[in-house]
Amino acid sequence: MRILHSLSILIVFIFHTFYVFADLNEGYAFRSLDINNGLSQNTVHAILQDKQGFMWFGTKDGLDRYDGISFRAFMKESGTLGNNFITSLYEDQQGQIWIGTDAGVYIYDPREEKFTAFNITSDTGEVITQAVTKIGSDRNNDIWISVDYQGLFKYDTNQQTLSNYLSPKKPGKSLANISHFWFEDQACWIGLYADNLYYTNDDFKTL
């Protein structure tokens, strides 16, 4: 009887353990979303969740907003977006979504559901026209944009001016192939495609 009692306890423990692990594994289930579900293109370069809870997907051929049930596509052909090759997404403090493409930047205003080309001229006389690799912000909520062959731009949200900190037009401060950047307090970390890692903690006076 004692053996049967012990065996019963062991069996109950095994089944309990099985169901616990089964419940844990359910948390890792994945669902696939692709062009068959309404995604514009299967190659996704950027993902963002906005303040309203919408998921945004920047693809190789269109920008998609997902509400958990269906997609809404924004494309050049429908007259809503100037470029279909999306490379980067960022939401600013006002809830506007900055969209980096392979040929410039666009800003989406969710209140008016309108896209506007970001075509401000920088202090070096440049307009962002090349492929955008990343869009982010610093602790002052100014917008930073890294662009292939053009450098690293800062948009001052208060002054509404654009400055290029690492332009090829600035001798000694040219980093034109930036893939990523990250702000940490006073420091800015800068990653290049194939040429080391840089940082500055004195407002780009030295790298």
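**Pockets and sheets of a predicted chain**

The lining of the largest pocket in this predicted model is made up, by class, of eight nonpolar, nine polar and four charged residues; here Ala, Val, Leu, Ile, Met, Phe, Trp, Tyr, Cys and Pro count as nonpolar, Asp, Glu, Lys and Arg as charged, and the others, Gly among them, as polar. The space in this largest pocket comes to about 430 Å³ (the space filled by probe spheres set on grid points, which are joined across faces, edges and corners). A pocket is an open set of points on a 1 Å grid over the protein atoms alone where a 1.4 Å probe fits, with protein on both sides within 12 Å along at least five of seven lines, and lining residues have an atom within 4 Å of a point. Of the 21 residues that line the largest pocket, D92, Q96, W98, I107 and Y155 lie nearest its centre. The elements that contribute two or more residues to this lining are the strands β7 (104-109) and β8 (114-117), and β8 gives the most, with three residues.

Before going further, it helps to know that residues are numbered from 1 along each chain as its sequence is written, and that side-chain values use heavy atoms, with hydrogens and water left out. In this predicted model, local features need pLDDT of at least 70 and side-chain atom pairs count only at pLDDT 80 or more, while totals for chains, interfaces and linings use all residues.

One of the residues nearest the centre of the largest pocket, Q96, deserves a closer look. Q96 sits in the loop between β5 (86-91) and β6 (97-101), and with a relative accessibility of 21% it counts as partly exposed (buried means under 20% relative accessible area, exposed over 50%, partly exposed in between, with a 1.4 Å probe and protein chains only). Although Q96 and I107 are 11 residues apart in sequence, their C-alpha atoms are 6.6 Å apart in space. If its neighbours within four places in sequence are left aside, Q96 is in contact (heavy atoms within 4.5 Å) with Y90, E91, I107, Y108 and P110.

The second largest pocket holds about 240 Å³ of space, and among the 14 residues that line it, D138, F183, D185, Q186 and D203 are the closest to its centre. By class, the lining of this second largest pocket has four nonpolar, four polar and six charged residues.

Stepping back to the protein chain as a whole, we find one helix and 15 strands (DSSP runs numbered from the N terminus, helices being H or I of at least four residues and strands E of at least two). Of the 207 residues in the protein chain, 41% are buried, and among its contacts between residues at least 6 apart in sequence, 38% join residues at least 24 apart.

Strands of a sheet pair through backbone hydrogen bonds, either parallel or antiparallel. In this structure, one open sheet contains four strands in the order β1-β2-β3-β4, with antiparallel pairing (two strands pair if DSSP finds at least two bridges between them). At the edges stand β1 (44-49) and β4 (71-74), each with a single partner strand, so one side of each is left without a neighbour in the sheet. On average, neighbouring strands of this sheet are turned by 20° against each other, direction ignored (axes are lines fitted to C-alpha atoms, and angles run from 0 to 180 degrees between N-to-C directions).

Following this sheet along the chain, β1 and β2 pair in the antiparallel sense over five bridges, with V44 standing opposite T59 in β2. The two strands form a hairpin with five residues between them, and in its turn G53 has a positive phi of about 100°. Four of the five residues of β2 are buried, so β2 is largely enclosed by the rest of the structure. A further hairpin joins β2 to β3 through two residues, and five bridges connect strand β2 (residues 55-59) with strand β3 (residues 62-66), which run antiparallel. In this pair G58 stands opposite L63, while M55 stands opposite Y66. The loop between β3 and β4 contains G68, which is partly exposed, with a relative accessible area of 42%. The C-alpha atoms of G68 and M55 are separated by 7.9 Å, the two residues being 13 apart along the chain.

Another open sheet is formed by three strands in the order β13-β14-β15, and its pairing is antiparallel. Its edge strands are β13 (178-184) and β15 (197-200), each of which pairs on one side only, and the twist from one strand to the next averages 20°. Strand β14 (residues 187-192) pairs with β15 in the antiparallel sense over four bridges, and C188 stands opposite T200 in β15. The hairpin of β14 and β15 has four residues between the strands, and there N196 takes a positive phi near 70°.
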